[in-house]
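User: I would like to go through the reasoning behind the labels used for this model. Please set each value against its cut-off before you conclude.

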Amino acid sequence: MDETAVKAQGIIKTYRSGIFKKRETKALLGIDLEVRKGELFGILGPNGAGKTTFLNIIMGILGRDSGTLLILGEQIARSFPERLKMRMNMSSGNANFPWSLTVRENIIFYGMLYGMGGAKLSKKADELMEFVSLEQYKDRRFDELSTGNKQKLALAKSLINSPELLLLDEPTTGMDPDISAKIRAMIKDINKNRGITVLLTTHYMKEAEELCGRIAFIKGGAIRALGTKEELQTMVNARDMEEAFIELAAEE
Ligand code: ADP
């Protein structure tokens, strides 16, 4: 059995903008990364490092210039296979949903996009609202929710198709510490008890330290270090992860 969830080799991505697409931003310089099935893997790095770009490429939202990509046993060529999209999902920190739909309607709406419906979808929506503790807000409109509750809804929505691989882009950005802690507990639960492989990005060193078995430290579009938190600390001779992050971020 193939134990690899994601295998990326030499992923390069350049954004081209402006008149005649002459302005270039080299976002990814050649990323090699392997995530094993069942892992809770973290991509840690400062803003602008290329984290979101990488996740968007894995999700098939963005194309890549070059490099090979294997996801859940499928080799990704130019077009992203629809059947693979059914086995994955993604949640972003600054999630945006149809503002006039309620929490429940939003979850149902996303379920329908995955071809679900009827009693099965209804049951799943209720189960997910309970999982993220949003039952009491089920009839609240999206635009009336707090930032934390919006993020809980984003998590619930990303579980609607029972994905095998879940990508989380900065899942606790801009949240109060108590809400961040709750979201992190949910992420652990998703990985441990639902058996979902999780690949998350964060610029919070403590988040990576608390959640992730292995961490890739990325800066300037390149992986600068990869390993368990203990291995990363040893690599830069740091006493703790905070010091390791400062050392890694400072390295040119
Ligand atoms: P991170 O998620 O680590 O903050 P991003 O992947 O968002 O980093 O961005 C990586 C680099 O690519 C940054 O220099 C950013 O400014 C640039 N970038 C991101 N999106 C675009 C875009 N749509 N057009 C041009 N440049 C972009």
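Analyst: This is a predicted model, and helix 1, which spans residues 51-58, is a reasonable place to start, with seven of its eight residues buried.

User: Why is helix 1 called mostly covered?

Analyst: A residue counts as buried when its relative accessible area is under 20%. In helix 1 that label applies to Lys51, Thr53, Phe54, Leu55, Asn56, Ile57 and Ile58, and with seven of eight residues buried the helix is described as mostly covered. Just after helix 1, Gly60 adopts a positive phi of about 80°.

User: What makes the ligand's approach to Gly48 a polar contact?

Analyst: The cut-off for a pair of N or O atoms is 3.5 Å. An oxygen atom of the ligand lies 2.7 Å from a polar backbone atom of Gly48, so this pair qualifies as a polar contact. The backbone of Gly50 offers a polar atom at 2.9 Å from a ligand oxygen, while for Lys51 the 2.9 Å distance runs to an N or O atom of the side chain. Taken alone, the ligand exposes 560 Å², of which the protein buries 61%.

User: Which element gives the most to the shell around the ligand?

Analyst: Helix 1 does, with three residues, and strand 2 (23-36) also supplies at least two. The residues surrounding the ligand include Tyr15, Thr25, Ala27, Pro46 and Asn47.

User: How does that shell divide into nonpolar, polar and charged residues?

Analyst: Four are nonpolar, six polar and one charged; Lys51 is part of the shell, and Lys counts as charged.

Conventions
Residues are numbered from 1 along each chain as its sequence is written. This is a predicted model: local features need pLDDT of at least 70, side-chain atom pairs count only at pLDDT 80 or more; totals for chains, interfaces and linings use all residues. Side-chain values use heavy atoms; hydrogens and water are left out. Buried means under 20% relative accessible area, exposed over 50%, partly exposed in between (1.4 Å probe, protein chains only). Helices (H or I, at least four residues) and strands (E, at least two) are DSSP runs, numbered from the N terminus. A residue is near a molecule or strand if one of its heavy atoms lies within 4 Å of it. A polar contact is a pair of N or O atoms within 3.5 Å; within protein, one must be able to donate a hydrogen and the other to accept it, and residues adjacent in sequence count only if both atoms are side-chain atoms. Accessible areas come from the Shrake-Rupley method with a 1.4 Å probe; for residues, only the protein chains shown count as cover.
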